[in-house]
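User: I have a model open and would like to go through a few of its details with you. Can we start with a side chain that reaches back to the backbone?

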Amino acid sequence: MTINGITILDNEITTRTKMSTVIYYFTGTGNSLSVAKKIAATLGETELVPVASFYDTTGDITPGVERIGIVFPVYFIGLPAMVASFVSRLRFRNEKYIFAVCTFGGTGAAPALQQLNGILQQNTSHGLDAGFMVKMPGNYILMYESPKGEKRAKILATADNEIARIAEAALQCRKAKLPYSFFGEILHILFYHRFLSRVHGEDQKFTVSEKCTSCGTCAAVCPANNIKIVQKKPVFQHRCELCCGCIHNCPVQAIQVGIKTEGWQRYRNPDVTVSELKLRELS
């Protein structure tokens, strides 16, 4: 049976594609999607697949291509919960090169890559051949305002240079030792599991002001399908991933986290549109 481009056989999900490469991405405000798009442009014949498209499915995932990329942001010195779950379902057959790219605003990229590699090695015979890090403007508005102006522009310009280097390495299937940080691993141990235990209920901190126009953008961009529009207002379902996509992409800034976020500028990667962020399903 085929649903949304996914073939389901014996409780196994296989991505059927003629492409030589597939890049899976998870994104809330577009940073990781921007990276995935730019790498795909260099690789050619690459299918971009949102991790969110597998969220409400079960079974193993077998990509069925030779080169696989996984692009994701750092959340609390580790993987987003949805990404960790997705990676644990991957099963490989004839893949020749597997790489990951981690976007981050502050720290924690090395532990996140190590975590991803550990999950792959535990469940498959093929871990990461290479892992890369790209610093991007941070978006965790629950704690800070995203960089803006010249500071933001400088971060994005530096990121573009790094993405070009990564894309060339992926094109040539270069293998590389994963980055490692002893201090980062300690932080991962201290903070990551606490994050996982609380993440889905963190939407209880979000409020919706009278500025809301019931446009539904917040619900459409949410990778976890965590928002329902009830009586013309968004209602959070407590399956939040803390991507902050709903807050940053609301066109009238109606979603807040206390009073401190009311005056803070929102962020979306300039190379990504709201329409692209709404893609939760495979074409």
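Analyst: The side chain of Asn269 has a polar atom that lies 2.9 Å from the backbone nitrogen of Asp271, which fits a polar contact, defined as a pair of N or O atoms within 3.5 Å where, within protein, one must be able to donate a hydrogen and the other to accept it, and where residues adjacent in sequence count only if both atoms are side-chain atoms. This is a predicted model, in which local features need pLDDT of at least 70 and side-chain atom pairs count only at pLDDT 80 or more, while totals for chains, interfaces and linings use all residues. Residues are numbered from 1 along each chain as its sequence is written, and side-chain values use heavy atoms, with hydrogens and water left out.

User: Where does Asn269 lie, and is it buried or exposed?

Analyst: Asn269 lies in the loop between strand 13 (255-256) and helix 8 (274-277), where helices (H or I, at least four residues) and strands (E, at least two) are DSSP runs numbered from the N terminus. Asn269 counts as buried because its relative accessibility is 1%; buried means under 20% relative accessible area, exposed over 50%, and partly exposed in between, with a 1.4 Å probe and protein chains only.

User: What does Asn269 touch, not counting residues up to four places away?

Analyst: Asn269 touches Thr29, Gly30, Asn31, Ser34, Met136 and Leu156, with contact meaning heavy atoms within 4.5 Å.

User: Asn31 is in helix 1, right? Which residues of that helix are buried?

Analyst: The buried residues of helix 1 are Asn31, Ser32, Leu33, Ser34, Val35, Ala36, Ile39, Ala40 and Leu43. Their cover includes strand 4 (21-25), strand 5 (46-50), strand 7, strand 8, helix 4 (149-171) and helix 8. Helix 1 has 13 residues and reaches 19 Å from its first C-alpha to its last, close to the 18 Å expected at 1.5 Å a residue, the expected span being 1.5 Å times one less than the number of residues.

User: And what is Ser32 in contact with, leaving aside neighbours within four places?

Analyst: Ser32 is in contact with Phe26, Thr27, Val71, Phe72, Pro73 and Thr103, and it counts as buried because its relative accessibility is 1%.

User: What happens in the backbone just after helix 1?

Analyst: Gly44, just after helix 1, takes a positive phi of about 70°, and Glu45, although not a glycine, has a positive phi of about 40°. Most residues other than glycine have a negative phi. Glu45 lies in the loop between helix 1 and strand 5 and counts as exposed because its relative accessibility is 56%.

User: Leu242 has a positive phi too, so where is it found?

Analyst: Leu242, with phi near 60°, is found in the loop between strand 12 (233-236) and helix 7 (245-249), and it counts as buried because its relative accessibility is 5%.

User: Switching topic, how is the largest pocket lined?

Analyst: The largest pocket is lined by 29 residues, of which Val74, Tyr75, Phe76, Tyr140 and Tyr144 lie nearest its centre. The elements giving two or more residues to that lining are helix 1 (31-43), strand 8 (97-104) and helix 5 (182-198). On a 1 Å grid over the protein atoms alone, a pocket is an open set of points with protein on both sides within 12 Å along at least five of seven lines, and lining residues have an atom within 4 Å of a point.

User: What volume does the largest pocket have, and how does its lining divide by class?

Analyst: The volume is about 540 Å³, taken as the space filled by probe spheres set on the grid points, which are joined across faces, edges and corners. The lining has 17 nonpolar, 12 polar and no charged residues, where Ala, Val, Leu, Ile, Met, Phe, Trp, Tyr, Cys and Pro count as nonpolar, Asp, Glu, Lys and Arg as charged, and the others, Gly among them, as polar.

User: Last one: which side chain does Gln265 meet in a polar contact?

Analyst: The side chains of Gln265 and Arg152 are joined by a polar contact of 3.2 Å. Gln265 lies in the loop between strand 13 and helix 8 and counts as partly exposed because its relative accessibility is 34%.

Note on methods:
1 Å grid on protein atoms, 1.4 Å probe; cavity = no way out; pocket = protein on both sides within 12 Å on 5 of 7 lines; lining within 4 Å.
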